[in-house]
Every structure is written in C-alpha cells, then in structure tokens.
Amino acid sequence: MSLRDRLGRLTGEGTQPGRSDPPGELISELRRRIEEVVNRRPVPGPQAHSGRDRTGIPLERLVTGEEVRTPRGGLFFSRSVLAGSHRHGVFRVGDLGHIDMRSAALLAGSDEIAAFEPGHALFLDTETTGLAGGTGTFPFLIGLGWFEGDSFVTTQLFARDFSEEIPMLCLLDELARDRRFLVTFNGRAFDLNLLSARFVLNRMEDTLSNMPHLDLLHPGRRLLRHRMDNARLTTIEACVLGLTRDDDVPGYEIPRRYFDWLRSRDGSLMEDVFRHNRLDIVSMAALLKHLADLVAGGPGRESAHPGDVLCAARLHEERGDTQTALSMYERIAGSPDSRVAISALRACSLIYKKASRWEDAVLIWEGMISRDPLDLFAAEELAKFCEHRRGEFKRAALIVKTVLEGSRTLSPEERSSLEHRLNRLARKSSAP
Amino acid sequence: MATLSLKEWLQRLESDRRFRENATSVTHIPASEGSYAPYPVWVHKGLKAVLEKRGIRRLYSHQARAVELVRQGRDVVLVTPTASGKTLCYNLPVLQRILEEPETRALYLFPTKALANDQMHEVHGLIGELKADIRTFTYDGDTPDDARQAIRKQGHVVVTNPDMLHTGILPHHTKWQKLFANLRYVVVDELHIYRGVFGSHLTNVFRRLKRVCRFYGADPVFVCCSATVANPREHAQNLLEKEVVLVDESGAPRAEKTFVLFNPPIVNRELGIRQSALTPARKIAGDLIGNHIQTIVFTTSRLNVEVLTRYLKDTFRAKIPGRDHYVAGYRGGYLPNLRRDIEKGLRERSVMGVVSTNALELGIDIGDLEACIMAGYPGTIASTWQQAGRAGRRAGHSLAILIARSNPMDQFIVEHPDYFFSRSPEHCRVNPDNLLILLHHIKSAAFELPFEEGERFGKEDLMELLTYLEDKGVLHRVDQRWHWAAESYPADEVSLRTVNPENVVVVDTTETGNHRVIAEVDWDSAFTTVHDDAIYMVESQQYHVDRLDLERKKAYVKKVDVDYYTDAMTYTNVRVIDGFAVRKRGSVIIEHGEVQVSRKVVGYKKIKFYTSENVGYGDVNLPQKDMHTTSYWFTVPWDLLDFLELRREELIDGLAGLAYCLHHIAAMLVMADIRDLDRCIGDKSGEWFVRYGADRRLITATPGQPMNVMENAFDPTVFVFDAYPGGIGFSDLLYERHDELVSAAQSLISSCPCEHGCPMCVGPALEVGPSAKASALAILGLLEAP
C-alpha cells in the first residue's frame, strides 16, 4: 500500500480493506481531514485570490520592471522615481531629504549616523511568506529606497520563485554597498533578522547586519504612540503623515498571495503587493522627516503637536541635552492641553532646581499651587524648598497640611510620607 | 516526644508481626567498596585541581572508561546507578576540550527544565572554580529575550530540553550558527525517558539536529546516560541511529539501603480485595514524618497525590498547627512558584513530607531525603530504582518501601522479588517512522533547510512524502529542492510529549470578579478529569467543575468541600482496518495490524473518601474521539467457546477479565506506561461493544442504545492496542510474545488467592462479574490447547 493511502487511513477516514476508493465527492472531505491531522489546524476556506483557475496576467504588464541577470541568476527588478514635486500625504517629496542628521542620530540612538548625509540612507522593507520568523520564512520581495537629488528612488527586488533567492540577495548586497546606513520600520526585530538568516542559509556574507541602523518603530512609538491606538505604520500614516491608503492589500493576505503566485504566475496577485511595499518605503522616508523635524524643533515648530514635543523634550533630556529639552518644555508650558502643560512645567521646574535656579523653580511651583492647592508634586517641592532652603517651617507645614486634609486621591504611601514630613516640621517649628 | 532515628525505626518495624506478614521481601543492600582508576594523563591541571578540591582524588572505573571513550570521539551510553558520578563522565571531557579549543561548543539535553537548571548550577560551580572563560547557560522557555542573543553567540555549554531544541533552536539555527558550526558534544541524560511517543519524536529531533549539523559541517559525539533497562545500547542506537558503546560496570561505592516490598493485607478474601496502597502509605509516612524522618511518597496518579496529601495534612494539622506546608503535595499542573517553594522547603527541611507523582523522580535538587515510599509500582523497574534513589543519594542509611496496589503488574512485582532484584527485563521501544510523527518532523525539517533530491530522512520513502506535502501545498518544489511554503511554524504544531499539544486551563470562579487560573490539564486528561460536575483537586482543595468549555479550552470551577471525588467512565470500540500478520493456534486466530478506535466518556462515579464507596453516578456528554492506531488481537471462535458451556454473559465477563490481565502484563513486558496501551473486547467490525453501566455489562450495537444483541454473527476478539495515533510499535512485539503473555496470565490468575476475581488478576469481581475469573481461566485453557 502506498504511503499516501496509509496517511489517509491514519486520519480515521472510514475506508476499509477491499473496498474501492471513496467516491469523488468524498475525496475532498478526505483531503480536508488529512490536512487537519497533518496541520492540526483548521484549513482556511477558499481564498478570494485563488489564482489556480485564472488566466495569469504577466507581471511585466502590471508592474513597471523587468528581469535582470546577476552572475548567480535572474530575478525581477522594478525601479521607480518620485519627482520632488510629488506629494506623499502632507509632504512634498522634494522636502523629505532635508533632514537634520544630528536629529536622525538621536532617533537612532547612534552617534555614527550624525556623520552621514541623508543621501546615504537606504530605506528597506520586505514582504515575506509569514510572520512566524525562523529559517522557514522567506522574504520574497525586498523594497529599497534612497534620495537622489530632489527625487526619491524606490527599487524592488522580487524572487519569482525560491530559486531566485540567491540572485536577489546578491543584488541586495550590491545595492546596499552604495549606501551607508539603513532605515527600517521594525527592521531590527523582523526584516534584518530574516535577511540575516537568508544570507547564512545561502552561505553568503551578510553586509547588512554590520550597517548602522535607524529603526523608526521605537522612536515612532516613543514620540507618537501617546495619541494613537497602536504604532503600526498605516496608523501613523493616517494620524501624522496625512495619508490614507485606498484598496491596500492587507498584510495578512500577502503570504497567501505569494503561494498562489508560485502556482499560477498571475501578475495581478502581486501587483497590489508591489504597491503596498512601495508605499511603505516612501512612508518611512516621510516618517523619518517628520520625526527628525520634531526632535530638531526646527521649522514647523508652531504646528507641532504639543504632546509630541513633550515626548521629544523628554528624549533630549534623557540623552543629556538639557538645554534643548528645556527650550522645548518652555515652549509648550503654556499649551492649552493642561495635561501637557503641567508635565512640561514640572519638568522645567526640576531642571531649574537642579541648576539651582531657585527663583524660576519656585515661581512655577507657586503658580501650580495657586491653580490647584492640592497639587501633590508642587506642594512637596515647595514644602521641601521652604523647609530646607528657607527654614520657613510654618509655611511648609501649611502647604503639606492643605494637601493632607483636602486630597482624596492620595495613596497610603503618599499619605504616610506627607504625615512624616508634617510631624518633622511640627517638631522643627516648636524647637527653640 | 522522643523521636526515633531511621535505624531505630527500622528495628522496631522489623519486629512488628503484622508488618512481617505483609512484607514479601526485606532486602538489605549493604554498602559496597568502589573500584577506582587514576585521572587520564591528558586531563588539564586546573580541571584536575578543581575536581580534587571537591574530593574527587581519582575516578571510578566506569568514569575513567567513559571519559577515555568520549575523548576518542566514540558515542557512548552510560548505565550506572543513581549517584555514581555520571555527570563527570561528560563534564570532564567537554570542559577539557573547551580548555584546549575555546571555540568548542556542547549541547546538554535534559527531559525537564528543572533538571536542566540543576545541571547548569553544577557545571557553573566547576567553571567558577576553574576561573576559565567558559560560559554555560540554560536556554528554555523561561530564558529572557535580552539574554538569548548572548547565549547563542557565547554559550560554550548550552543546557536545554528536547522541546526547546525542537521549537526554539533548530527552527532558528542560523542564529545559532556559532553553536552548530562548533558543536562537538551532545549530552543526552535520562535516555530511558525517551521511549514510546516521546522517544519516537526525539529520534526525529535528532535526525533534524544531525541534518543541521551537517549543513554547518559538524559531526558531534553523543554522550548518553540511562537508568538500567534491558536494552540500553540498542535503545541508544535506535534513538541516535548510529553505533554506540555501552559502559555499564559501575565502579562507584554504594551506601546502605533497606528495600521493602510490601503487599497490603487482604481485607475481603471472597472479593479478593486488598487494602488500598494509600492506607499503609499514609500510616507509614505519618509515622516516619512524626519521627522527623524526612519522607517522600510517590503515588501513581495526580488524584492520589491530592488524596494522600489531604490525609497527611489532616494528620499533622492537629499535631503541628500553623505549618500548612509541613506536608506538601507536588505534581505537574502546579504553578511554578508553588513548586519552587516546595523544593526549597524540602532542601531546608521545613517541608518534612512530600507527596508527588513521578514529577520528582528525576534529579531535581530537593536535598537528601531519608525515606521513600512508593504507593504503587511506578510501572518500570527503572523508575522504581530512580524513585528509591531520591532517598539517600549521598546520605547514609536510607529506606525504600514499595507498596503494591491491587493490579496484576504490582502484584507480580511484589510476589516475585527475584524478578525485581535480579534482572532488568524492560525494553525501551521507539517507532520514529510512525507516519504521523515522521511527517510532522519532515515538515519541521523542511522549514529548517530545503530538502534536496536524493536526501534521506527516516526509513520511509522520503521523496514520496515530500511529494505528498507538495500536493498539500505545504512544500514548493523548484530545481530539485523542496522549500517550506506555508505561513505556519510547523514545530509549534506538535508537542513531543502528548498526543495533543493543547491544554485546558482550569479557572477558579469562586470569587466573582477575581477569577484565577489554578492549573492546566492536557487535552486528553481534560475529558476524564475536568468534565462537567467532576471534582478536581489542587493541593487537596476540592473544586467542582461547573462547566468545561472545549472551544475556549477552559474549565470553570468553584471551591467546594465534599466527602467524595469523581472517577470517569469511558467506553471504547475497535474496528480492524488491516491485518499485517496472522497465525493460528488451534482455531484461535492471533493477529496484529491497523485499527480504528473510538472512545467516549459517558459518565462518572462518585467515590467516597476513606471508604471508597460508590455514592452516585452522573452522565457526561462529550464528543467521541477517534484514533487510528496499531493493535495486537486474538479471536476465539464461538464454536470453540461453545465447548465451555458458559452463558454468553459469562463468556463476555471472562474475556473482559482476561483482557484486563493481558493489558497489565503487556505493559510490564514492553515497558509501556499502562496508559500507552489500552484494551477492548469486541469483534473486528466495530459494530458491537461492551458497555459497563451503573449496574452490569451490556452488549450493545450502537452507543447509547442498551439493547442486547448476542448474535452468532461475530466472534469475540480481545484487543490490546497502542494508545497513540499511528502506533508506537508495541503491537508487533506483543504479537510475537503472545504465548508468553498467555502463560503469564494463566499463572497470575490461577495462583491468585481470590475466589471470584479481584483487581490483582481479572479485575474487581463487582465490576467484571462473579464468573469472570472462572471463565477467564476456562478461556485460557482454550488458548493454551494446541
């Protein structure tokens, strides 16, 4: 008996020895059950794009591009150029390349990048056969982008089959050698990891992993997440870049499209995937521009979202640039968004305090208390100031007492800390 | 209150008349001298100094032989007793090689995370004293993400488990390039654990490991350790699929141990009922713990852990108030924190008694206990010695007591001390070419590296299987290579240890708004342990199952305090699909082949604590589970049975009793867990089956319809089958050993002191019917007649 029959029977399908094969309509049921055993997962229903029965439209007719040869074989290569006057959301393509590289370096958390020019950037995004990761996930489409003068160039390397992987990686390697650093969105955890595995699997040198790398996911999340439901690229596009995609192919559909392509060679399956990938690349350039401007505090500062500026200021402060941070905090301290304003005021006051600019700090704390006498932060800071720097124990006690008696939101720890302070103040003020 | 030392306690015990009546054997294993050899000359001075500082001034003879063989690049399997210094046999050559060639990498595999952690600490200690830059890490599900990269690149010795190798390491082998390219040693401890399903999977994981190593140009040496089994070398060779040298003459000295085989007294001779093994276990454990003798009790099921823990907690709650963990339960399904607390309590002797399943059998560090009580035979002689070894690993005199339960396997062991002490008759079997198992691993292997034309993987026709997977759309073929072409991550789709990797989470809903997860139950056990209205127990707290939601894989429970527990009832039927071999003995037909098994949980019994009375029944409505597997069976034609002049019901009872006996003996012979095999009587069509109802046995044609169809149209058949889809390879072995099975059953049943059948021979008379024993013996007469 063939292995196939034995496998079929292991599923518990009701065939018996000596009986003829199941009738035609049962075969699909049998296959489904084998599939279940084999996959231990429900089989997806028929796909909207099952290319099997279609007449395939050649890819070349739908996507600008052609076969190119490398010493290790051919692959499909597409290149397109966006002119400076082209608009991507609220941005003009010609403006995207004007990036302050110190800001880019700050976003990347890597000083190396400050020495480069925007034209050295290689934007990279891959489309893959799945999100699972590991050696069995195949990046079949590699999208690249870079600035050339006023224009933005995107190129796409497509492996029409697994056999075109090596030529695709060779060409990637060659193109990457012309650039100095990488820009991705979640490339650190995903795209680069995957490409690295492919280089190893094909016994090739992995040049990409050694390039400096600006992954926009982390700074993007850090600066923008506060006003978005998630930090996906499409969400950021809609919220920040002013771009909505029509008829975009959903990411989860892409692997299935490629598997169907492998069988049918129908170019219409891949057309949307190429567009999706190209939009991702251009959006990364726009996002880099947006984030770099935000942290630079340069032109367009009036229109910047105060919450974003707050996040940017914190980033500067964390990286030790107190001066830039302070000027950003000061800028938004009068913001109509009271949550942002209070955070900025607190941050300013702490920077003043650290620099012993006591008058400036006290001014802020007193302002905060006059607006809200129960403000715990301002009360504690002002009480500390009065107690330790002025010896005004009675005033300090009054401030603390007001909060203790009035506030309904204190945690037990906060309450006991205030009580402790109040007792000490009471002792000090009664002492001779 | 004055307490007795273990020695005094033993003296008192041995002068106790009632104890002597029930102890079938009291064996004093004397301390013995070791046999030694000097360190090989090539051992690094620093390494030798560190070992000498730990008191190892010379090697045991088996250690010297093993390290020399490993040094020469031979694959080795080491079979020596607990505490004979097995770890040194691999740590020494591995560390030596790393000192000489710092690029060297080694992979250590342990069956559990806990063992891996323990081993890591030991190697760590050695390296710490060695003051060499050698890095050892455990890599498992608990390893933090940020530590993983460093481990992949820098770990000289990576300690992990087969499951992690399967799902976490091999499918990401490019990240482990450094390890695989320099992999010189693979250490596989507790080799005998890898038998049956687990072993069949592991063989395939090793096929994948060797395939990935070949890709990076490595060819590691395997060093395996195993407990005593009948075929260690053969088993190692089956797992590794290469030649292996056996080292089995221990040079280690032995500490003194008293080993007692204990058969509980018969309380009802007519029904052949012995006292439950839990009763003497409770008494003896209570007495030992009361004398401050730290004791571990092994039971054979999770349920028994809970029952016995509750009994012992009851005993000590009054005596030692406020120490809730003076006695603790310990089993799989407890959450990790609780387990760590108990392990620590044992080491610090704040926990003086622990009741466990075999979860503590392996080398998890719980310190040196003094006494070990096994309430029930653990299923294999190998496991028995391992469990007994938990007492007195390094300490002086220790005690081990094996208390038999009322089943044929236990009875056979305690009544045949010679069999137990003199031989290791148990064979480890694997069937790595079980099609389902093989296919899963071919998928995982294709995910790891594309398959190439002409490659081999397992003993089946690989090209045909690849083409099959290609047709399924899982693989894509281009230029004579098969590439993984699916979104999924195939290693996640199969668990190495159970049939179904799914778990059911047990949720305590006692407090509204504060639902807590209290345990996890594997998919198959869920049907029998957390069905609607079951009583589920954790740390001897009872929970009533309000609802089992199979779709969401959750069981919702509430705390209750009732005086009973529940035991599920299932029915099974078998249909023959294909016979592989057949022979006749007289007119009895003996066969093995492929079958379809259908099983359904139909109800449960409520059983009262302490008295074990049956206090009620309930229905359970869960889906039927079908399984295709391999079986051994024999058919006794009606015209032959007619000679016996027994009523049909009596014949059915006799066959059921015989099947019960054969199932247990079969499991003992092939070293299967009793649950790895199952039994059924029916005919070969699967059209009738026997249903065990609340009152008596019915022969029914369709599930749920209790009608008696005693037609002459079928011939009664006894099936003993592999309880895993596709089979594990026990069936052909049983087919070959049919005569041995029949004569063992004959001797066990005919020498059993009961009158009408009991759990020790054909099953409890109340369950199998009053005529089962006589009928079974009569049928055996037919089987033995030429």
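For the first stop of this tour, axes are lines fitted to C-alpha atoms, for helices over the stretch in contact, and angles run from 0 to 180 degrees between N-to-C directions. The model on display is predicted.

**Stop 1: a helix pair in chain A**

Select residues 393–406 of chain A, which form helix 17, together with residues 412–430 of chain A, which form helix 18. The two helices pack at an angle of about 150°, and their axes lie 9 Å apart. An angle over 145 degrees counts as roughly antiparallel; helix 17 of chain A and helix 18 of chain A are therefore roughly antiparallel to each other. Their crossing is left-handed.

Now display the side chains at this contact. Helix 17 of chain A contributes A:Phe393, A:Lys394, A:Ala396, A:Ala397, A:Val400, A:Lys401, A:Val403 and A:Leu404. From helix 18 of chain A come A:Leu418, A:Glu419, A:Arg421, A:Leu422, A:Leu425, A:Ala426, A:Lys428 and A:Ser429. Coloured by class, the residues of the contact of helix 17 with helix 18 of chain A comprise 10 nonpolar, 1 polar and 5 charged.

**Stop 2: a second helix pair in chain A**

Select helix 9 (residues 233–241) and helix 11 (residues 267–296) of chain A. Here the packing angle is about 50° and the axes are 11 Å apart, which makes helix 9 of chain A oblique to helix 11 of chain A. Helix 9 of chain A passes helix 11 of chain A in a left-handed crossing.

On the side of helix 9 of chain A, show A:Leu233, A:Ile236, A:Glu237, A:Val240 and A:Leu241. They meet A:Asp280, A:Ser283, A:Ala286, A:Leu287 and A:His290 in helix 11 of chain A. By class, the contact of helix 9 with helix 11 of chain A has 6 nonpolar, 2 polar and 2 charged residues.

**Stop 3: where chain A meets chain B**

Display both chains and turn to the contact between them, which takes 32 residues from chain A and 36 residues from chain B. On the chain A side, select helix 1 (3–10), helix 2 (24–39), helix 7 (187–201) and helix 10 (254–264), the elements of chain A that give two or more residues to the side touching chain B. Helix 1 of chain A gives the most, with 6 residues. The side of chain A that touches chain B has 14 nonpolar, 11 polar and 7 charged residues.

**Stop 4: the domains of chain B**

Colour chain B by its domain assignment: domain 1 (6–30 + 255–422), domain 2 (36–247), domain 3 (435–493), domain 4 (503–562) and domain 5 (567–784). The centres of domain 2 and domain 5 of chain B, taken over C-alpha atoms, are separated by 44 Å. Their contact takes 5 residues from domain 2 of chain B and 5 residues from domain 5 of chain B. On the domain 2 side, these residues are 2 nonpolar, 2 polar and 1 charged.

**Stop 5: a three-stranded sheet in chain B**

Select strands 19, 21 and 20 of chain B; in that order, these 3 strands form an open sheet with antiparallel pairing. Strand 19 (451–452) and strand 20 (475–478) of chain B stand at the edges, each with a single partner strand, so one side of each has no neighbour in the sheet.

Strand 20 of chain B is joined to strand 21 (residues 481–484) of chain B by 4 bridges, and the two run antiparallel. Within strand 21 of chain B, B:His483 stands opposite B:His476. Add helix 19 (residues 462–471) of chain B, which packs on the sheet and touches strand 19, strand 20 and strand 21 of chain B. The direction of helix 19 makes about 110° with that of strand 20 of chain B.

**Stop 6: a five-stranded sheet in chain B**

Finally, select the 5 strands of chain B that form an open sheet in the order 23-22-26-25-24, with mixed pairing. Strand 23 (516–522) and strand 24 (535–538) of chain B are the edge strands, each pairing on one side only. Neighbouring strands of this sheet are turned by 35° against each other on average, direction ignored.

Strand 24 of chain B runs antiparallel to strand 25 (residues 541–549) of chain B, with 4 bridges joining them. In strand 25 of chain B, B:Tyr543 is the bridge partner of B:Tyr536, and B:His544 is that of B:Ile535. Strand 25 of chain B is in turn joined by 7 bridges to strand 26 (residues 554–560) of chain B, also antiparallel; B:Val545 has B:Val557 in strand 26 of chain B as its bridge partner.

The last selection is the turn of the hairpin formed by strand 25 and strand 26 of chain B, with 4 residues between the strands. B:Lys553 in this turn has a positive phi of about 60°.

Notes:
Residues are numbered from 1 along each chain as its sequence is written. Chains are lettered from A and ligands numbered from 1 in the order in which they are written. This is a predicted model: local features need pLDDT of at least 70, side-chain atom pairs count only at pLDDT 80 or more; totals for chains, interfaces and linings use all residues. Domain bounds come from an automatic or database domain assignment. Two residues are in contact if their C-beta atoms, placed from the backbone, lie within 7 Å. Ala, Val, Leu, Ile, Met, Phe, Trp, Tyr, Cys and Pro count as nonpolar, Asp, Glu, Lys and Arg as charged, and the others, Gly among them, as polar. Angles under 35 degrees count as roughly parallel, over 145 as roughly antiparallel, 65 to 115 as roughly perpendicular and the rest as oblique. A crossing is left-handed if the near helix is turned anticlockwise from the far one by less than a right angle, and right-handed if clockwise. Two strands pair if DSSP finds at least two bridges between them.
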